[in-house]
Amino acid sequence: MDPASVWWLAGGLGVVALVALGVRWLWYLGRAVHVERCRELFRLQHERFEEQLLKAAGASGLPRGLRWVKCAITGDAVLVRDTATGAIVALVPVRIDFAPVEGGDMEDVPAAKEPRPATAVFSFHQGNWHTAGRVVFNHTPDQTVNAFPELQPLPDHL
């Protein structure tokens, strides 16, 4: 192989390497912008999410003997990536108020009327936040991340 061919080959490989680095950088930048968009959408609509969670979780019938009365978001969402699905998930600190179902097992239990701290789980799908009513009781968002290894925290900023 003559020396000129070696230089052309090395130059071509260098260009390919630069293009690959550029594509990788653009991919990471796109992911960071997507995460920031998810975060901003959640901030703008969190009152609606309280109602959405209350409706979805209340329809589950759990916990048995209690009716979901009120849900209040008590802090900022922690965004994580579910490594099992690749989805962006918001873990949101909430306070849930229950009322015992009349004639139910929990009617005479004083603790049934006390507000419960929890972490609500929302997922970002097709440009919007959704919830299936999943709530992790007695956990902060950070404790929830530690309890579920498939959840990986996302950076707080670009």
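Gln45 has its place in helix 1, and this residue makes a convenient entry into a model that is predicted. With a relative accessible area of 25%, Gln45 is partly exposed, since partly exposed covers the range between under 20%, which is buried, and over 50%, which is exposed. Although Gln45 and Trp129 stand 84 residues apart along the chain, their C-alpha atoms are separated by 9.2 Å. Trp129 itself is buried, and its relative accessible area is 2%.

From this starting point one can step back to the whole chain. The chain contains two helices and seven strands, and their order, read along the sequence, is α-β-β-β-β-β-β-α-β. Of its 158 residues, 30% count as buried.

The aromatic side chains are a good place to look next. Trp129 returns here as the partner of Phe124: the centres of the two rings are 5.1 Å apart and their planes lie at 65 degrees, so the pair is edge-to-face, the angle being over the 60 degrees that this class requires. Phe124 is buried, with a relative accessible area of 9%, and Trp129, as noted above, is buried as well.

Across the structure, the count of aromatic pairs comes to five. In the pair formed by Trp68 and Phe137, the ring centres are 6.1 Å apart and the planes meet at 45 degrees, so this pair is tilted. Trp68 and Phe137 link distant parts of the chain, for Trp68 belongs to strand 1 (residues 66-73) and Phe137 to strand 6 (residues 135-137), with their positions 69 residues apart in the sequence. Which of the three classes, buried, partly exposed or exposed, does Trp68 fall into? Trp68 counts as buried, because its relative accessibility is 11%, whereas Phe137, at a relative accessible area of 29%, is partly exposed. Together with Phe98, Trp68 and Phe137 form one aromatic cluster.

Another aromatic ring, that of Phe148, has a charged neighbour: the charged end of Arg134 sits over this ring, 5.2 Å from its centre. Arg134 also leads to one of the pockets, as it is among the residues closest to the centre of the second largest pocket, together with Asp82, Val89, Val121 and Ser123. That second largest pocket holds about 230 Å³ of space and is lined by 13 residues. Strand 4 (residues 116-125) provides the largest share of this lining, namely three residues. Sorted by class, the lining of the second largest pocket consists of six nonpolar, four polar and three charged residues.

The largest pocket, for its part, has a volume of about 280 Å³. Its lining is made of 14 residues, of which Arg39, Arg43, Asp76, Ala77 and Val78 are the closest to its centre. Which element gives the most to the lining of the largest pocket? Helix 1, the helix in which Gln45 has its place, gives the most, with four residues. Helix 1 (3-58) and strand 2 (78-82) each supply at least two residues of this lining. By class, eight of the lining residues of the largest pocket are nonpolar, two are polar and four are charged.

The last features to follow are the contacts between side chains of opposite charge. How many salt bridges does a search of the whole structure find? The search finds two. In one of them, the side chains of Asp105 and Arg64 meet at 2.7 Å, taken from N to O. This pair links distant parts of the chain: Asp105 lies in the loop between strand 3 (88-100) and strand 4, Arg64 lies in the loop between helix 1 and strand 1, and the two are 41 residues apart. Asp105 is exposed, with a relative accessible area of 58%, and Arg64 counts as exposed at 62% relative accessibility.

In the salt bridge between Asp97 and Arg95, the N to O distance is 3.8 Å, which lies within the 4 Å that the definition of a salt bridge allows. Asp97 counts as buried because its relative accessibility is 17%, a value under the 20% cut-off. Arg95, by contrast, counts as partly exposed at 30% relative accessibility.

Note on methods
Residues numbered from 1 in each chain as written. Predicted model: local features only at pLDDT ≥ 70, side-chain atom pairs only at ≥ 80, totals over all residues. Heavy atoms only, no water. Phe/Tyr/Trp six-rings, centres within 6.5 Å; stacked < 30°, edge-to-face > 60°. Buried < 20%, exposed > 50% of the residue type's maximum accessible area, 1.4 Å probe, protein only. Lys NZ or Arg CZ within 6 Å of the ring centre and 35° of its normal. 1 Å grid on protein atoms, 1.4 Å probe; cavity = no way out; pocket = protein on both sides within 12 Å on 5 of 7 lines; lining within 4 Å. Points joined across faces, edges and corners; volume = space filled by probe spheres on them. Nonpolar A, V, L, I, M, F, W, Y, C, P; charged D, E, K, R; others polar.
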